[in-house]
Amino acid sequence: MPKQSDVLATDFLVKIAEEFGTPVYVYHAEKIKTQYEKLQNAFQKTNTRFFYACKALTNINILKYINSIGCGLDTVSIQEVQLGLKAGFDPKNIIFTPNCVDLQEIIAAKDLGVIINIDNLSILEQFGHTFGDSYPICIRLNPHIMAGGNFKISTGHIDSKFGISIHQMRHIERIVKSTKLKVTGLHMHTGSEIKDVDVFLRGVEIMFEMTQHFPDLESIDLGSGFKVAYQQGDPETDIELLGKKLTAAFNHFAATYPRPLQLWFEPGKFLVSQCGYFIVKANVIKQTTANVFVGVNSGFNHLIRPMFYDAFHLIRNISNPKGTERIYTVVGNICETDTFGWDRKLNEVKEGDYLVFYNAGAYGFEMSSNFNSRLKPAEVLVKDGKPALIRRRDTLEDLLKNQIEL
Ligand SMILES: *Cc1c(COP(=O)(O)O)cnc(C)c1O
């Protein structure tokens, strides 16, 4: 049994693989709390609230745990809102930040009492005409800051579909004025994997400028994009430095604003990436003329980040942790090219060995599919040192569940 230390031990992970089978996602609850506390500590000198961006990982047990440690919830679909409520979140602690949904979905969220964040002029106008000042809202702005790990996950650039351009402020003002909308929050989220603290500072400065158009603000939401390390030496967002610099800038500005202002964040990856482990089994070792492949019992149907974003996940052979290191290319069993990692140094792999992918908590299970009619993996939560099954592995019945045989 591991201590509740930061990283789950490899022999403990092997035991979980033996008990629950593979492929399996494993989440370490206390690691989520550690990350949450890091954020709280960094921002303790200012009035801050955090909302977990649950699209990273939505298992109901994870949501309940996040609620239990006092964090709010950021959602992007009405279903995520419903899951959050089911997990016990107070609607006042849920932000709804969808993109390109219809007015009906926004109204459904409003009827559930959550905080609404509107990201286009059309819906802003329709919402204003329908509800006027009876339901305060937040507005998502696009500050046009180019940031983020790569183009796919960057959302603030000029071609981005997210947010209302700050250059459309006059139009926003016209809508707000003529429909009497009450705007209590301004929001931006410029992308994922922003390691540069100054990007947030530039963002917040733009938000400060925008506040002059809105006299009723209660919050400024800087979204997220905190980068975590995927391997040793990987740059990550310096949360302490970010806390120090943003606190200074925010407190300085807030003193000039006529109402008390809160600073909000919506961390996804930062809270749950490192809590997650994805364990697979080596099915075959295949020597070709150019490579030694390890073919595992998984593929991009279970973990798509390496293929979709060229993301790096550290892989280890947990069945033979002291074996001689050799060079392997780790691939999946999907009939598509699904390479998890080229030229990885792994302790000698035999068929049947368990391999683990680290940092698999965020956008891992959540982006999985049934491609090739393969079954989605099981999920296990480790809390107080004890593993518990929190999602059973798919069965063939799950594949057929919604199909209608004619
Ligand atoms: C995805 C998303 C986040 C979280 O991004 P991470 O990089 O996982 O921290 C926050 N806010 C919004 C609106 C999002 O869509």
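UniProt positions are given in the numbering used here, and such annotations may be inferred rather than shown by experiment. With that understood, an unreviewed UniProt entry lists G225 and Y363 under the heading "binding site". Although these two residues are spread over 139 residues of sequence, they cluster in space, with a largest C-alpha distance of 13.4 Å. The positions described below are those of a predicted model.

The overall architecture of the chain was considered next. Its secondary structure comprises 12 helices and 18 strands. The radius of gyration is 23 Å, close to the 22 Å that the globule rule gives for 406 residues, and the chain is therefore as compact as a globular protein of that length. Along the principal axes, the C-alpha trace spans about 70 × 60 × 40 Å. Of the 406 residues in the chain, 57% are buried. The accessible surface comes to about 18300 Å², and carbon and sulfur atoms account for 50% of this area. Contacts across long stretches of sequence were also evaluated: among those between residues at least 6 apart in sequence, 68% join residues at least 24 apart.

Attention then turned to the annotated residues. G225 lies in the loop that connects β9 (219–221) with α9 (239–254). Residues count as buried under 20% relative accessible area, and G225 is therefore assigned to the buried class, its relative accessibility being 3%. Y363 is likewise placed in a loop, in this case between β16 (354–357) and β17 (378–383). With a relative accessible area of 13%, Y363 is also buried. When residues up to four places away in sequence are not counted, Y363 touches K55, A56, K269 and R305.

The last of these contacts leads to a further annotation. The "binding site" label in the unreviewed UniProt entry also covers R305, Y309, E336 and Y363. R305 is found in helix α11, which consists of residues 305–308, whereas Y309 is located in the loop between α11 and β13 (315–317). The relative accessibility of R305 is 3%, so R305 counts as buried. Beyond residues up to four places away in sequence, R305 touches E193, Y230, K269, D310, A311, H313, A362 and Y363. K269 thus appears among the contacts of both Y363 and R305, and the contact between Y363 and R305 joins two of the residues that the record annotates.

Strand β12 was examined as an element of the sheet structure. This strand spans residues 292–296, and 4 of its 5 residues are buried, so β12 is largely enclosed by the rest of the structure. On one hand, β12 pairs with strand β11 (residues 276–287) in the antiparallel sense over 5 bridges. A hairpin of 4 residues joins β11 to β12. Within this pairing, A282 has V296 of β12 as its bridge partner. On the other hand, β12 is joined by 3 bridges to strand β14 (residues 325–331), and these two strands run parallel. In this second pairing, F293 stands opposite T329 of β14. In a regular strand, the side chains alternate between the two faces of the sheet. Strand β12 is thus paired in the antiparallel sense with β11 and in the parallel sense with β14.

Methods
Residues numbered from 1 in each chain as written. Predicted model: local features only at pLDDT ≥ 70, side-chain atom pairs only at ≥ 80, totals over all residues. Heavy atoms only, no water. Buried < 20%, exposed > 50% of the residue type's maximum accessible area, 1.4 Å probe, protein only. Contact = heavy atoms within 4.5 Å. Pairing = 2+ DSSP bridges. Rg over C-alpha atoms; globule rule 2.2 N^0.38 Å. Areas by Shrake-Rupley, 256 points an atom, 1.4 Å probe, with all protein chains shown as cover.
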